[in-house]
Amino acid sequence: MQTEVFAPWDDPDQKPLIRFKSVKKQFGDFTAIQDLSLDIFEKEFFALLGPSGCGKTTMMRMLAGFETPTSGSIELAGQDIGSVPPNKRSVNMMFQSYALFPHLSIWENIAFGLKRSKMPKGEIEARVEEMLRLTRLEKFKARKPHQISGGQRQRVALARSLAKAPKLLLLDEPLAALDKKLRQDTQFELMDIQEKTGTTFVIVTHDQEEAMTVASRVAVMDEGRLMQVSTPATIYEAPNSVYVADFIGEVNILSGHAKPAGDGLYAVTWADGQPPVIAASNTPYSDGQQVHLAIRPEKVAISEAKPDAENAVEGKVLDIAYLGNLSTYHIALAGGQIIKAQTANTQRISRRSFTWEDTVWLSWTPTAGVLLDQ
Amino acid sequence: MRRFILIAVPYIWLLALFLVPFLIVFKIALSDTALARPPYLPQFDWATGLGAFLAELDFENFVFLTSDALYWKAYLSSLQIAVIATLITLLVGYPIAYAMTRAPEAWRPTLMMLIILPFWTSFLIRIYAWMGILSQEGFLNQFLLWTGVISAPLTILNTNVAVYIGIVYTYLPFMILPIYAALDRLDGSLIEAAEDLGCSRLSAFWLVTIPLSKNGIVAGSFLVFIPTLGEFVIPSLLGGSGTLMIGKVLWEEFFSNRDWPVAAAVAVVLLVILIVPIVLFQRNQQKQAEAEA
Ligand SMILES: Nc1ncnc2c1ncn2[C@@H]1O[C@H](COP(=O)(O)OP(=O)(O)OP(=O)(O)O)[C@@H](O)[C@H]1O
Ligand SMILES: [Mg+2]
């Protein structure tokens with residue numbers, strides 16, 4: 001039996017839960033979102049990623065109903081929600097600033113939304129207890145928000161937005177204040193909740209690792225524009241621009257001119273006095289076109305002797321960053337460029353084979369990197 | 001030593017400006033009236049000594065206050081007027097304070113100025129101005145007659161209505177400023193969160209805005225209630241013969257009857273009544289300070 005891959009965005013018959021139709025948002029004469037179109041499907045875990053001030057919160061606020069688009073429209077389940085007030089949308093938001101009610105206890109904060117619906121008292125109590133358990137806040141339920149820590153407050157905000165089991169849940173940097181261990185636990189918790197409830201999540205995060213872990217698809221934004229919307233693997237392995245490649249993870253960029261070498265291969269002349277590097281690409285490039293080869297450090301192999309590979313360059317070890325499970329080597333080439341290469345530390349530190357100032361060879365296969373024209 | 005002085009200064013201040021005058025008034029309350037100057041006895045005399053002086057003091061005047069219904073009626077009526085006037089001031093002041101926090105940032109200093117502006121003219125002149133507005137031939141009646149809303153002038157001056165108008169007008173800034181301060185601190189995203197969780201505008205106001213401005217409401221109410229309870233100028237200038245307030249009674253005892261000891265006893269009882277709201281007010285301020293810390 002084959003499990004079906006969850007990819008509604010590839011299915012033209014699927015109706016999106018959320019549809020941004022050329023949405024533009026201006027504050028005065030400042031454009032925060034420019035002509036943005038996007039479909040988000042039911043049961044998706046959609047991550048918005050981008051530098052500070054690129055418009056992530058603004059998009060969330062438009063979904064929650066606190067801002068109206070200057071032009072364009074937003075549809076929820078096929079209906080234009082432009083005129084629907086926030087309290088009539090089955091959308092809940094976890095605020096970046098948490099926005100906990102300071103005059104109410106943790107328990108009452110979580111129960112706040114439930115009490116507004118016509119849920120019976122017993123059910124409200126059961127639901128709140130469940131949320132407290134989920135976010136491990138049972139001990140603090142009688143306290144006021146100013147009597148708990150920042151991370152605990154964040155969990156209260158999360159519990160409060162989850163309590164109503166909305167159709168769409170908006171999380172604006174939900175885990176930023178948690179320590180790494182708790183953050184990972186909560187990430188899995190979130191994915192678990194998402195699987196159990198079938199809620200659609202839109203999550204804003206600054207942490208690309210988090211986006212990769214939890215998301216079904218990731219949107220990388222810059223200055224109010226979507227740069228790429230794709231699955232985490234595609235974003236990482238096949239970014240569509242140098243910006244995206246650089247934003248997600250570490251990358252080496254070699255810029256130069258392409259020369260078709262047949263069979264979808266291109267020779268890229270990237271530095272004087274260096275042989276051209278060979279790279280494969282599905283996108284055709286013309287002779288002499290300006291291109292950038294983006295290659296991840298872990299796809300660059302490092303060796304003492306010249307290896308038998310299509311692409312091999314010689315350099316000197318400039319710096320070694322030891323990360324425990326990995327080591328990143330910064331290698332200076334003859335022309336002064338620096339290339340990062342990463343190796344897994346499968347052996348103990350004493351057996352490390354390269355050290356500062358060693359002359360080493362870097363090599364990679366033609367399919368290891370992606371060729372980009374912008 | 002420096003710390004001692006720092007702590008001592010406010011206490012000396014309190015002692016000189018509150019405790020000493022209070023003790024003098026209290027002593028007069030325990031004395032007897034006399035056709036003398038000052039109009040009460042005993043006066044402290046070095047010749048007879050402290051014992052003879054103290055022996056002549058008694059609580060006669062306080063007993064007298066209970067024997068005449070005028071006094072407790074005046075206290076009760078003052079309380080009633082103060083409570084009602086405070087409520088009206090709150091109902092008028094809250095929307096003004098709320099509107100001020102909603103106004104564009106650039107307007108706020110101007111609006112604040114407008115609230116404080118009346119303090120720059122004499123209180124007495126402003127009350128006289130109200131007499132001109134509220135009298136039979138006053139501006140208000142003339143305006144209403146002109147618009148045709150009424151056909152005969154209304155009697156407003158020298159009634160309790162005029163007293164309420166005067167009190168609300170005078171003490172409105174004391175209500176608005178603390179409420180404005182509380183509303184100004186309120187984080188707008190809390191209202192959004194309430195709406196996000198299913199509140200209408202109105203229920204968000206009721207469940208979030210009001211509770212979070214509670215300290216401002218309480219502070220403003222006490223700032224209006226406390227001075228109103230002993231108010232004298234407004235009831236005597238705007239009120240009529242039917243307006244019974246303890247401040248007026250006090251004034252008459254002092255200046256019409258020249259019965260200083262009874263007047264002093266009235267004042268002491270008023271102070272005792274005021275201690276309750278003053279303590280409550282202090283506690284509210286303290287709680288607020290703690291919540292902000
Ligand atoms: N009410 C507003 N008035 C004017 N400008 C605004 C307003 N809200 C947001 N902006 C501007 O719009 C841009 C996008 O803001 P937004 O809050 O969406 O950023 P963000 O991507 O969430 O950033 P961060 O990661 O720092 O939270 C910013 O440049 C911000 O200054
Ligand atoms: Mg933001």
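A polar contact is a pair of N or O atoms within 3.5 Å; within protein, one must be able to donate a hydrogen and the other to accept it, and residues adjacent in sequence count only if both atoms are side-chain atoms. This is a predicted model, in which local features need pLDDT of at least 70 and side-chain atom pairs count only at pLDDT 80 or more, whereas totals for chains, interfaces and linings use all residues. Residues are numbered from 1 along each chain as its sequence is written, chains are lettered from A and ligands numbered from 1 in the order in which they are written, and side-chain values use heavy atoms, without hydrogens and water.

**View 1. The magnesium ion (ligand 2) and its protein donors, A:Thr57 and A:Gln96.** The ion is coordinated by OG1 of A:Thr57 and OE1 of A:Gln96 at 1.9 to 2.5 Å, donors being N, O and S atoms within 2.8 Å of the metal (3.2 Å for Na, K and Ca), with water not among the atoms, so sites may look incomplete.

**View 2. The two domains of chain B, 1-67 and 69-292 in the domain assignment.** Their C-alpha centres lie 33 Å apart, and 16 residues of domain 1 of chain B are in contact (heavy atoms within 4.5 Å) with 15 residues of domain 2 of chain B.

**View 3. Polar pairing between domain 1 and domain 2 of chain B.** Between these domains there are zero residue pairs in polar contact, counting pairs with both residues at pLDDT 80 or more, and likewise zero salt bridges (a side-chain nitrogen of Lys or Arg within 4 Å of a carboxyl oxygen of Asp or Glu).

Terms used. Domain bounds come from an automatic or database domain assignment.
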